[in-house]
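Let's take a walk through this one together. Have the sequence and the 3D view open side by side as we go.

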Amino acid sequence: MAGLKRPFWMHQLVEYILGGGLVAADIQSTEPLVPGTVGGLLLLYASCTKSPVAAFRVLSRRVHRVIDPVVVLVEVVAAAQPWLAVDVAGRASIGAVAFVHLVVWWQSTYTERVPRAQRRSALRGGSAPRSARSEEHTSELQSHSFISY
């Protein structure tokens, strides 16, 4: 089952799309407060987690994984709450976003990639960076780099 999980950047991209969709629905809504607020918070939340598509890189992916169900719960409460006026289309939009967000959370992997330099170092079996050559090795390479005409 772990092989079916999606990379985190896709998870984050879907969060951007969901938040943007709620903000766009907010523009056309007769009661724009709740969908716009939920969409804006979702956009901010997505932009704060460390990944290649992040804007601020404040939260780790482990923290994001723990907070995601709470965000989904907030989305469900925002869709169902009776205190603030939300039209039917707004409630349906927020509920659909909550459902999609839950599925995306369930199907995402939150592992962080190891930097390329560390992966190469581990494959070579050493911890020294590639540029750390002995003087003898460097001079040997230089002696072979002459050009004959």
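A quick word on terms: a helix here is a DSSP run of H or I covering at least four residues, and the helices are numbered from the N terminus. With that in hand, the protein chain reads α-α-α-α-α-α from the N terminus on. That makes 6 helices and 0 strands. Keep in mind that this is a predicted model.

Start with the overall picture. The protein chain has 149 residues, and 28% of them are buried. About 10200 Å² of the chain is exposed, with carbon and sulfur atoms supplying 66% of that area. Now look at contacts between residues at least 6 apart in sequence: 61% of these join residues at least 24 apart.

Next, zoom in on helix 1, residues 8–28. Its 21 residues should span 30 Å at 1.5 Å a residue, and the end C-alpha atoms sit 31 Å apart, which agrees. Which residues of this helix are buried? They are Phe8, His11, Gln12, Glu15, Leu18, Gly19, Leu22 and Asp26. These cover an arc of only 120° around the axis, so they lie on the same side of helix 1. The spacing is no surprise: an α-helix has 3.6 residues a turn, so residues three or four places apart point the same way.

What covers that buried side? The cover over the buried residues of helix 1 includes helix 2, helix 3 and helix 4 (88–106). Spin the view around, and the face turned away from the buried side shows the exposed residues Ile17, Ile27 and Gln28.

Ile17 turns up again in a nonpolar surface patch, together with Trp9, Met10, Leu13 and Val53. Between them, these five residues have about 430 Å² of accessible area. Where does Val53 come from? Val53 sits in the loop between helix 2 (33–47) and helix 3 (61–80). With a relative accessible area of 31%, Val53 counts as partly exposed, because that label covers values between the 20% cut-off for buried and the 50% cut-off for exposed.

That loop leads us back to helix 2. Its 15 residues reach 21 Å from first C-alpha to last, close to the 21 Å expected at 1.5 Å a residue. The buried residues here are Val34, Pro35, Gly36, Val38, Gly39, Leu42, Tyr45, Ala46 and Ser47. Among the elements covering them are helix 1, helix 3 and helix 4. Helix 2 is in turn part of what covers the buried residues of helix 1.

Note on methods:
Residues numbered from 1 in each chain as written. Predicted model: local features only at pLDDT ≥ 70, side-chain atom pairs only at ≥ 80, totals over all residues. Heavy atoms only, no water. Patch = residues over 30% accessible without salt bridge, like charges linked within 9 Å, V, L, I, M, F, W, Y side chains within 5 Å. Areas by Shrake-Rupley, 256 points an atom, 1.4 Å probe, with all protein chains shown as cover. Salt bridge = Lys/Arg side-chain N within 4 Å of Asp/Glu carboxyl O. Helix = DSSP H or I, 4+ residues; strand = E, 2+ residues; numbered from the N terminus. Buried < 20%, exposed > 50% of the residue type's maximum accessible area, 1.4 Å probe, protein only. Expected span 1.5 Å × (residues − 1). Arc of directions from axis to C-beta. Contact = heavy atoms within 4.5 Å.
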